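Open the model in your viewer and switch to a cartoon view. The tour goes stop by stop, with something to select at each one.

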Amino acid sequence: SFIPEMEQIISQLERGTVVTRFYPRKRPERKTLMIRRETRQIVWSRSQTTRSFEGAVEMREVKEVRLGKNYKDFERWPEEAKRMENLRCFIVFYGSEFKLKSLSITAFSEKECELWLRGLRHLVLDTIHAPYPLQVERWLRKEFYAMENNREIVTLKDLKGFLPRVNCKISTNKLRELFQEVDVRRRNELGFDDFADLYHTLMFDNSILHDKLEAYCSSDQT
């Protein structure tokens, strides 16, 4: 079956490529740069085999993907930069409009650089224009990946640490009750799909909303 060209590009970027990253304050370093399609992140690590990443850029925060090395990160290291052809270099600008951060990269070849430019520009636009439910799912995946253990599951303890970050206050007993409802295998652990179900239950559970509303109304009367 025919695989569209952009799908081939994205699949290659998911596997990762070896690049040189230029920094404003320390010497350039070899990294493996890759994308995480499910969470819409650009991530990098010391090698392709490691599960942990040294850093990540959210694609929804990317403002520009620019070809070339006409930027201070490259100018800071002229000896190393002059060995890098212009068409192998690109810069990802991200963050707030008032203080943009940069990810300055030299790819292995001009062809790989072109793949990164095309793939990232496509994914950034697609990410920004994604419907809200899809944005929520990608955010949930990112949160899940940050919590999961090496067996790719999360526990009740993980969830107790997660809920304050989404401003959800709930008693431990109520959380345990909801956890057990989605933990159909009775293993005291959840994979991503069960975790997502639990999150949506928490956000839209009528009894929880009712309790919050009741507490709000009663405090309003005092």
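**First stop: helix α8**

Select residues 192–204, which form helix α8. At 1.5 Å a residue, its 13 residues should span 18 Å, and the end C-alpha atoms are indeed 18 Å apart, so the two values agree. Keep in mind that this is a predicted model.

Now show the side chains of α8. Which residues of α8 are buried? They are Phe192, Asp194, Phe195, Ala196, Leu198, Tyr199 and Leu202.

**Second stop: α5 against α8**

Add helix α5, residues 132–147. The axes of α5 and α8 come within 10 Å and cross at roughly 120°. That angle falls outside the 65 to 115 degrees of a roughly perpendicular pair and is not over 145, so α5 and α8 are oblique to each other. Their crossing is right-handed. To see the contact, select Val136, Glu137, Trp139, Leu140, Arg141, Phe144 and Met147 on α5. On α8, pick Phe192, Phe195, Ala196, Tyr199 and His200. Phe192, Phe195, Ala196 and Tyr199 also appear among the buried residues of α8.

**Third stop: helix α4**

Move to residues 110–128, helix α4. This helix has 19 residues. From first C-alpha to last it reaches 27 Å, close to the 27 Å expected. Colour its buried residues: Glu112, Cys113, Leu115, Trp116, Leu117, Gly119, Leu120, Leu123, Val124 and Thr127.

**Fourth stop: α1 against α4**

Bring in helix α1, residues 5–15. How far apart are the axes of α1 and α4? They are 9 Å apart, and the helices pack at an angle of about 105°. The range for roughly perpendicular is 65 to 115 degrees, so α1 and α4 count as roughly perpendicular to each other. From α1, the contact uses Glu5, Met6, Ile9, Ile10, Gln12 and Leu13. From α4, it uses Leu115, Trp116, Arg118, Gly119, His122 and Leu123.

**Fifth stop: Ser102**

Select Ser102, in strand β7 (residues 99–106). Is Ser102 buried or exposed? The cut-off for buried is under 20% relative accessible area. Ser102 has 15% relative accessibility, so it counts as buried. Draw a line from its side chain to that of Asp73: this is a polar contact of 2.7 Å. Leaving out residues up to four places away in sequence, Ser102 touches Arg21, Tyr71, Asp73, Ile91, Val92, Phe93 and Tyr94.

**Last stop: the whole chain**

Zoom out. The chain has nine helices and seven strands. Of its 222 residues, 44% count as buried. Among contacts between residues at least 6 apart in sequence, 52% join residues at least 24 apart.

Definitions and conventions
Residues numbered from 1 in each chain as written. Predicted model: local features only at pLDDT ≥ 70, side-chain atom pairs only at ≥ 80, totals over all residues. Heavy atoms only, no water. Helix = DSSP H or I, 4+ residues; strand = E, 2+ residues; numbered from the N terminus. Expected span 1.5 Å × (residues − 1). Buried < 20%, exposed > 50% of the residue type's maximum accessible area, 1.4 Å probe, protein only. Polar contact = N/O pair within 3.5 Å; in protein donor to acceptor, adjacent residues only side chain to side chain. Contact = heavy atoms within 4.5 Å. Axes fitted to C-alpha atoms, helices over the stretch in contact; angles between N-to-C directions. Parallel < 35°, antiparallel > 145°, perpendicular 65-115°, else oblique. Left-handed = near helix turned anticlockwise from the far one by under 90°.
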